[in-house]
Amino acid sequence: MVSMTTHEPPQTLPRRATRHDVASLVDLRSTMFAAMGSDVGDHAAAWRGTATLWFEGQLTRPQQFAGFVVDHPVDGVVAAALGICDTRAPSPHDPSGSHGHVFNICTDPAHRRQGYGQACLNALLTWFRTDTEVRVVDLNATPEGAGLYTSEGFGQPAFPTLRLRLQR
């Protein structure tokens with residue numbers, strides 16, 4: 001009897017992001033914001049330097065921050081999903097007070113619709129489930145991404161999120 005095993009191609013298996021991925025994380029963040037209509041500037045834009053420093057710092061906090069990326073054999077990092085934990089006051093529904101936030105789910109346009117973003121998201125959600133005390137995970141979705149997130153169990157919160165932008 002011959003058993004057959006089907007393996008996912010190696011390039012679709014996400015791995016934990018490291019400090020060597022910071023430039024790629026910033027590039028994918030830029031791609032994400034550009035796709036949402038934001039003016040991201042060029043590679044010398046000030047926000048990119050600040051984002052680089054932020055990612056470098058976050059990657060030293062593996063219990064509070066995780067990023068998962070997919071490497072393409074030719075193009076390098078082509079997809080990412082990032083998540084962070086923050087602490088809020090405990091409540092009857094969340095005694096730990098630990099909340100998760102998913103952000104920066106992005107796939108390079110040339111590599112979309114191949115399951116890379118979903119693979120990164122699944123790895124990130126596994127991290128939240130197994131390596132953190134998080135009971136609630138939030139994210140902001142674009143209309144294009146909403147279907148992926150609802151298929152993973154995300155839904156509308158019981159209470160709407162409101163935002164105030166402070167003028168500085």
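A disulfide is a covalent bond between the sulfur atoms of two cysteines. For counting purposes here, a disulfide is a pair of cysteine sulfur atoms within 2.5 Å. By that yardstick this structure, which is a predicted model, holds zero disulfides.

**The cysteines**

Take Cys-85 to start with. The closest cysteine sulfur to that of Cys-85 belongs to Cys-120 and sits 17 Å away, so the two are too far apart for a bond. Cys-120 is in no disulfide either, and its nearest cysteine sulfur is that of Cys-106, 10 Å away. Is Cys-120 buried or exposed? Cys-120 is buried, with a relative accessible area of 0%. Cys-85 is buried as well, at 12%.

**The overall picture**

Stepping back, the protein has four helices and five strands. Reading from the N terminus, the elements run β-α-α-β-β-β-α-β-α. The radius of gyration is 17 Å, close to the 15 Å that the globule rule gives for 168 residues, so the protein is as compact as a globular protein of that length. If you drew a box around the C-alpha atoms along the principal axes, it would be roughly 60 × 45 × 30 Å.

Of the 168 residues, 35% count as buried. The protein exposes about 11000 Å², and carbon and sulfur atoms supply 54% of that area. Now look at contacts with a separation of 6 or more: residues 24 or more positions apart account for 65% of them.

**Strands S2, S3 and S4**

Strand S3 covers residues 76-87 and has a partner in both S2 and S4. S2 (residues 65-72) runs antiparallel to S3, and eight bridges join the two. Three residues lie between S2 and S3, which form a hairpin. Within this pair, Phe-68 stands opposite Ala-81 in S3.

S4 (residues 98-107) also runs antiparallel to S3, again with eight bridges. Here Gly-83 stands opposite Val-102 in S4. How many of the twelve residues of S3 are buried? Nine are, which leaves the strand mostly covered.

**A serine in helix H1**

Ser-30 lies in helix H1, which spans residues 22-35. With a relative accessible area of 10%, Ser-30 counts as buried because the cut-off is under 20%. Its side chain makes a polar contact with the side chain of Arg-48, at 3.5 Å. Setting aside neighbours within four places in sequence, Ser-30 is in contact with Val-40, Trp-47 and Arg-48.

**Two positive phi angles**

Most residues other than glycine have a negative phi. Asn-104 goes the other way, with a phi near 55°. So does Arg-113, at about 65°, although this residue is not a glycine. Asn-104 lies in strand S4, while Arg-113 is found in the loop between S4 and helix H3 (116-131). Is Arg-113 buried or exposed? Arg-113 is exposed, with a relative accessible area of 82%, whereas Asn-104 is buried, at 2%.

Here are the burial values for the residues picked out above.

| Residue | Relative accessible area | State |
|---|---|---|
| Ser-30 | 10% | buried |
| Cys-85 | 12% | buried |
| Asn-104 | 2% | buried |
| Arg-113 | 82% | exposed |
| Cys-120 | 0% | buried |

Technical notes
Residues numbered from 1 in each chain as written. Predicted model: local features only at pLDDT ≥ 70, side-chain atom pairs only at ≥ 80, totals over all residues. Heavy atoms only, no water. Buried < 20%, exposed > 50% of the residue type's maximum accessible area, 1.4 Å probe, protein only. Polar contact = N/O pair within 3.5 Å; in protein donor to acceptor, adjacent residues only side chain to side chain. Contact = heavy atoms within 4.5 Å. Pairing = 2+ DSSP bridges. Rg over C-alpha atoms; globule rule 2.2 N^0.38 Å. Areas by Shrake-Rupley, 256 points an atom, 1.4 Å probe, with all protein chains shown as cover.
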